[in-house]
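Please look at the sequence and the structure together, and keep both in view while reading. The report below goes through the sheets, the helices and one pocket in turn.

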Amino acid sequence: MAILVLSSPLPAQPFVDALRALAPGIPVWSEADDPPAEKVEALLAWRLKPGTVPRYPKLRVLCSVGAGAEKLLVEDVPDHVSVTRVVDPLQAQEIAQYVLACTLRFTRELPLYEQQQSRAEWRRHPVRPASRCRVGLLGLGAVGQAVARAFAPLGYEVSAWVRRGREWPGVQVFSGTDGLHRLLARSDILVCTLPLTADTRGLLDAATLRRLPRGAVLVNVGRGEHLVEADLRLLLDEGHLAGAALDVFAREPPKPEHWIWRHPRVLATPHIAAQASTETVAQQCLDALQRARDGLPQPHAVDRRAGY
């Protein structure tokens, strides 16, 4: 039994150290160790290129270092290799905190007041009423539900769009293409919490974003590939969108010359809305490997057909 950590662009050593601390009898390597491929039974990874998995003939389980595992679902992962993701009860709460903070930053016009402060300017502006802060959630899984609960005490109207219709207390739920259009038309704050699938990739394009009310704000805590970044820039520059808070990007990190770093209406953060502890990631990887060896079901298995 041995584990190889391939967490780039995240540093591997914290995961290596956590695994070794929890299971000192199990060999744990990083890519820099050039380990013997025939001994590797588990990969702990952030993303993989085609051709990586076949190098390890004894591989039993492929573990994501995060809640999403779509970057591990390359075409040459054998059916007998389990793919798992991290499930951290605190992550949904942390993401909800991030979404709430970003929303209030825009709706209470804090950037405007920060500019005024830099000029020693004392000028008050009317507070934007909650009726003009309608929140639309794309997705109502664990993260979407936590976000909905965070907004509930603040008087904001919350709606959600889901793949299959369901009821949720205090939230108006839409589904289907028509439902998506109805949600967009009533969302002053659009929050993406969706998993990345073939159906959701590129969903946030110009056609979708233009259905939002003028002056709306986008908060993306799903995946960078949900968003067509060039289309977002177009709608920001046009003034159709008032702002965007982005914690995920198609390429992470974005290149230093990327427009997102300097756009005055964008808050860009380095994928920090929630971060599972290295101990949680390591323990769930060890559990997944032991279950794979014992032939037991994986509680955090990824449905490869669904993509999450």
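What follows describes a predicted model, beginning with its strands and ending with a pocket.

**The sheet of 5 strands**

One open sheet has 5 strands in the order β2-β1-β3-β4-β5, and its pairing is parallel. Strands of a sheet are held in pairs by backbone hydrogen bonds, and such pairs may be parallel or antiparallel. The edges of this sheet are β2 (28-30) and β5 (82-84), each of which pairs on one side only. From one strand to the next, the twist averages 20°.

Within this sheet, β1 (residues 3-6) and β3 (residues 42-45) run parallel and are joined by 4 bridges; isoleucine 3, for example, has alanine 42 of β3 as its bridge partner. Helix α1 (residues 13-22) packs on the sheet, where it touches β1, β2 and β3, and its direction makes about 175° with that of β2. Helix α8 (residues 278-294) lies across β1, β3, β4 (61-64) and β5, and runs at about 160° to β4.

**The sheet of 7 strands**

A further open sheet has 7 strands in the order β8-β7-β6-β9-β10-β11-β12, again with parallel pairing. Because β8 (172-175) and β12 stand at the edges with a single partner strand each, one side of each is left without a neighbour in the sheet. The twist here averages 15° from one strand to the next.

Three of the strand pairs in this sheet can be set side by side, each with one pair of facing residues.

| Strand pair | Bridges | Residues that face each other |
|---|---|---|
| β7 and β8, parallel | 4 bridges | tryptophan 161 and phenylalanine 174 |
| β9 and β10, parallel | 4 bridges | valine 191 and valine 219 |
| β10 and β11, parallel | 5 bridges | leucine 218 and alanine 244 |

Is β10 mostly covered or mostly uncovered? Strand β10 is mostly covered, since 5 of its 5 residues are buried, where buried means under 20% relative accessible area. In a regular strand, the side chains alternate between the two faces of the sheet. In β10, Ala216, Leu218 and Asn220 are buried on one side, while Val217 and Val219 are buried on the other, so that both faces of the strand are covered.

**Helices beside the sheet of 7 strands**

Helix α2 packs on this sheet and touches β9 (189-192), β10 (216-220), β11 (241-246) and β12, its direction making about 155° with that of β11. In helix α4 (residues 142-151), the buried residues are Gly144, Gln145, Ala146, Val147, Ala148 and Phe151, and these buried residues pack against α2, β6 (135-138) and β7 (158-162).

**The second largest pocket**

Rolling a probe the size of a water molecule over the atoms shows where empty space is left. The second largest pocket holds about 520 Å³ of space, and its lining is made of 20 residues, of which Phe106, Glu109, Pro111, Leu112 and Ala242 lie nearest the centre.

Which element gives the most to this lining? Helix α3 gives the most, with 4 residues, and the elements that each supply at least two residues are α2 (89-107), α3 (110-118) and β12 (266-268). Sorted by class, the lining of the second largest pocket has 9 nonpolar, 3 polar and 8 charged residues. Helix α2 and strand β12 thus appear in both parts of the account: they touch each other where α2 packs on the sheet, and they each contribute to the lining of the pocket.

How values were computed
Residues are numbered from 1 along each chain as its sequence is written. This is a predicted model: local features need pLDDT of at least 70, side-chain atom pairs count only at pLDDT 80 or more; totals for chains, interfaces and linings use all residues. Side-chain values use heavy atoms; hydrogens and water are left out. On a 1 Å grid over the protein atoms alone, a cavity is a set of points where a 1.4 Å probe fits but cannot get out, and a pocket is an open set with protein on both sides within 12 Å along at least five of seven lines; lining residues have an atom within 4 Å of a point. Grid points are joined across faces, edges and corners, and a volume is the space filled by probe spheres set on the points. Ala, Val, Leu, Ile, Met, Phe, Trp, Tyr, Cys and Pro count as nonpolar, Asp, Glu, Lys and Arg as charged, and the others, Gly among them, as polar. Two strands pair if DSSP finds at least two bridges between them. Axes are lines fitted to C-alpha atoms, for helices over the stretch in contact, and angles run from 0 to 180 degrees between N-to-C directions. Contact means heavy atoms within 4.5 Å. Buried means under 20% relative accessible area, exposed over 50%, partly exposed in between (1.4 Å probe, protein chains only).
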